[in-house]
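Student: I'd like a close look at one part of this model. Pick a spot and take me through it in one go, please.

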Amino acid sequence: MVSSNQTSPVMGFLLLGLSAHPKLEKTFFVLILLMYLVILLGNGVLILVTILDSHLDTPMYFFLGNLSFLDICYTTSSVPLILNSFLTPRKTISFSACAVQMFLSLAMGAKECVLLSMMAFDRYVAICNPLRYPEVMNKATYVPMAAGSWVAGSLTAMVQTSFAMRLPFCGDNIINHFTCEILAVLKLACADISVNVISMGVTNVIFLGVPVLFISFSYVFIIATILRIPSAEGRKKAFSTCSAHLTVVIVFYGTILFMYGKPKSKDPLGADKQDLADKLISLFYGVVTPMLNPIIYSLRNKDVKAAVRNLVFQKRFPQ
């Protein structure tokens with residue numbers, strides 16, 4: 001360990017997690033493990049059906065397959081570490097492992113924001129300009145779009161991680177979190193973090209603000225177009241093609257707003273309870289949204305439901 005008034009090369013960090021609440025660790029181990037298995041199964045099935053079912057060979061389901069793969073990567077970057085911390089009394093992580101985990105978490109989060117906006121664009125073209133849809137959303141367009149989201153997310157995560165991990169750290173290097181969450185790590189720095197704050201602010205505008213605006217404007221035009229459809233059946237059919245995506249967007253961004261938009265308690269006696277609540281909200285955000293995505297698309301999309309049924313039928317009754 002390093003004394004509080006000195007800095008030296010950091011060998012590792014101590015993750016606090018739920019150390020102050022040992023009775024909760026076993027309960028949450030079982031709960032998070034079950035949710036993680038559901039994430040792997042649900043998203044894995046979605047990836048399989050988008051690859052194997054020829055009826056789902058469209059831009060929308062290509063993006064959905066990417067989203068499912070991204071959710072598996074996002075949870076795998078943190079959940080095994082969290083589960084291990086619930087079972088071990090000393091929850092340490094090396095400096096390099098911390099940097100890798102931070103990079104993967106930031107990259108997947110940024111990629112999901114961009115990917116959701118691309119899926120909104122796909123729905124906008126399909127509903128507002130259906131005659132031009134095959135021309136606009138061809139393979140030469142949507143494959144580079146998806147690849148661009150992965151590149152953009154990786155680049156911003158690389159910048160944020162390098163800025164954070166190059167800082168000098170002092171004190172006991174105890175991260176008050178389950179993982180190497182960037183804000184929790186920055187609290188350990190004993191140097192000016194204004195560059196980090198500015199770069200994170202710019203990143204939030206680009207990867208949170210811009211996609212939210214883009215999705216919002218897309219759905220304004222989508223809803224306006226749907227309302228102009230004369231028949232109720234036509235309106236219902238048009239809305240059904242984008243309802244699953246809209247639900248996923250609301251869950252994803254709604255959880256983010258709830259996490260970071262709620263007021264902080266000024267009562268010092270309630271600080272520990274709020275700290276525990278913040279940790280648990282962050283924990284469930286990392287697993288609930290990836291778990292709900294395949295459930296939402298399976299329940300609200302008849303093409304996916306049919307593809308899953310066909311896949312199950314072929315496994316049980318092979319020809």
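Tutor: Helices here are DSSP runs of H or I with at least four residues, strands are E runs of at least two, and both are numbered from the N terminus. On that count the chain has 12 helices and three strands. Keep in mind that this is a predicted model, in which local features need pLDDT of at least 70 and side-chain atom pairs count only at pLDDT 80 or more, while totals for chains, interfaces and linings use all residues. Residues are numbered from 1 along each chain as its sequence is written, and side-chain values use heavy atoms, leaving out hydrogens and water.

Let's take helix H4, residues 95-128, starting with its disulfide (two cysteine sulfur atoms within 2.5 Å). The structure has one such link, and Cys98 makes it with Cys180, the sulfur atoms being 2.0 Å apart. Its S-S angle of -130° makes the link left-handed. Cys98 belongs to H4 and Cys180 to the loop between strand S3 (174-175) and helix H7 (182-186), so the bond ties together parts that are 82 residues apart in sequence. How exposed or buried are the two ends? Cys98 is buried at 0% relative accessible area, and Cys180 is buried too, at 2% (buried is under 20%, exposed over 50%, partly exposed in between, with a 1.4 Å probe and protein chains only).

Further along, H4 packs on helix H8 (residues 194-227), with the axes 9 Å apart and at about 20°; axes are lines fitted to C-alpha atoms over the stretch in contact, and angles run from 0 to 180 degrees between N-to-C directions. The two helices are therefore roughly parallel (under 35 degrees; over 145 is roughly antiparallel, 65 to 115 roughly perpendicular, the rest oblique). H4 passes H8 in a left-handed crossing, where the near helix is turned anticlockwise from the far one by less than a right angle (clockwise would be right-handed). Among the H4 residues in contact are Ala110, Cys113, Leu116, Phe121, Tyr124 and Cys128, while H8 brings in, among others, Phe207, Pro211, Phe214, Tyr219 and Ile226; contact means heavy atoms within 4.5 Å. By class, 18 residues of this contact are nonpolar, three polar and one charged (Ala, Val, Leu, Ile, Met, Phe, Trp, Tyr, Cys and Pro are nonpolar, Asp, Glu, Lys and Arg charged, the others polar, Gly among them).

Cys128 also turns up in another cysteine comparison: its sulfur is the closest cysteine sulfur to that of Cys242, but at 9.3 Å it is too far for a bond. Cys242 itself is buried, at 0%.

There's a neighbour to look at as well: Met60, in helix H2 (residues 59-76). Its C-alpha is 6.6 Å from that of Met119, although the two are 59 residues apart along the chain. Leaving aside residues up to four places away in sequence, Met60 touches Asp122, Arg123, Tyr133, Thr241 and Asn301. At 12% relative accessibility, Met60 is buried. H2 has its own partner, helix H1 (residues 22-52): their axes come within 9 Å and cross at roughly 155°, which makes the pair roughly antiparallel. H1, too, passes H2 in a left-handed crossing.

Zooming out, buried residues make up 44% of the 319 in the chain. Of the contacts with a separation of 6 or more, 81% join residues 24 or more positions apart.
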